[in-house]
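User: I would like a close look at one part of this model, followed outward into its surroundings. Please take the time to connect the pieces as you go.

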Amino acid sequence: MRERGFLEEASTVKDIIDQKAGQEIFHCTPDQEIHIVLNLMKDHDLSQLPVMADGKWVGGITENRLLEGVMSPEKNSKVQDIMGPPFPVVEMTTPLTQLRRYINKETPAVITKDKKGDWQIITNYDIIQAL
């Protein structure tokens, strides 16, 4: 991407996290009801949401999975019924050119810990903003 004139500003995960400066990471838990997560995603304009249980990333919710859950005939479905695998965790030093190994149609985000030890998320949108 650098050869094509992209990624002049940001070259690592850390660079993107620095550009996002202090944005809060939202997450949900497996036992939350889908309608609660729907409202959280709508209220904060989120297209994906990591799922955490007992301090560990255990799954991920995407717009597509959420829509499937909302359209399900079962009432009061839980996140655990529709979540996909957890988003990959990457190091802050990971070059952006390597993120294509992790981010794809099924996995729209990666997670990392910043220098303060706080979890951060990087999405396709964040990468596009860094170009």
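Which residues are buried in helix 2?

Analyst: This is a predicted model, and what follows should be read with that in mind. In helix 2, which spans residues 34-43, the buried residues are Ile34, Val37 and Met41. These three lie on the same side of helix 2, because the arc they cover around the axis is only 60°. On the other side of helix 2, Lys42 and Asp43 are exposed. The cover over the buried residues of helix 2 includes two strands, strand 1 (48-53) and strand 2 (56-62), together with helix 3 and helix 4. Just after helix 2, Asp45 has a positive phi of about 55°.

The loop that leads from helix 1 to helix 2 holds Glu33, and Glu33 takes part in a salt bridge with Lys78, with a distance of 3.9 Å from N to O. This pair links distant parts of the chain, since Lys78 sits in the loop between helix 3 (63-71) and helix 4 (79-82), 45 residues apart from Glu33. A distance of 3.9 Å counts here because the cut-off for a salt bridge is 4 Å. Both partners are partly exposed, with a relative accessible area of 27% for Lys78 and 25% for Glu33.

Over the whole structure, the search finds 2 salt bridges, and one of them lies in helix 1, where Asp18 pairs with Lys14 and the closest N and O atoms are 2.6 Å apart. Asp18 and Lys14 are separated by about one helical turn, because they are 4 residues apart in helix 1 (residues 13-20). Asp18 is partly exposed at 38% relative accessible area, and Lys14 is likewise partly exposed at 34%.

Helix 1 also has a buried side, made up of Val13, Ile16, Ile17 and Lys20. Seen down the axis of helix 1, these residues fall within an arc of 100°, so they line one face of the helix. They pack against strand 3, strand 4 and helix 5. Helix 1 is followed by Ala21, whose phi is positive, near 30°.

From that face one comes to the largest nonpolar core, which has 12 residues in all, among them Val13, Ile16, Ile17, Met92, Val110 and Ile122. Helix 1 and helix 5 (124-130) each supply at least two of its residues, and the largest share, 3 residues, comes from helix 1. Leaving out residues up to four places away in sequence, Val13 touches several residues, including Val90, Met92, Leu96, Leu99 and Ile122. Apart from this core lies another, of 10 residues, among them Ile61, Leu66, Val79 and Ile82.

A charged residue also makes contact with members of the largest core, since Asp114, in the loop between strand 3 (109-113) and strand 4 (119-123), is in contact with Ile17, Met92 and Gln120 once neighbours within four places in sequence are left aside. Asp114 is buried yet has no salt bridge, and the nearest side chain of opposite charge, that of Lys116, is 4.9 Å away. That pair is not counted as a salt bridge because the criterion requires a nitrogen within 4 Å of a carboxyl oxygen. The side chain of Asp114 does, however, make a polar contact with the side chain of Gln120, at 3.1 Å.

Conventions. Residues numbered from 1 in each chain as written. Predicted model: local features only at pLDDT ≥ 70, side-chain atom pairs only at ≥ 80, totals over all residues. Heavy atoms only, no water. Buried < 20%, exposed > 50% of the residue type's maximum accessible area, 1.4 Å probe, protein only. Lys, Arg positive; Asp, Glu negative; His and termini not counted. Polar contact = N/O pair within 3.5 Å; in protein donor to acceptor, adjacent residues only side chain to side chain. Contact = heavy atoms within 4.5 Å. Arc of directions from axis to C-beta. Core = buried A, V, L, I, M, F, W, Y, C linked by side-chain atoms within 4.5 Å.
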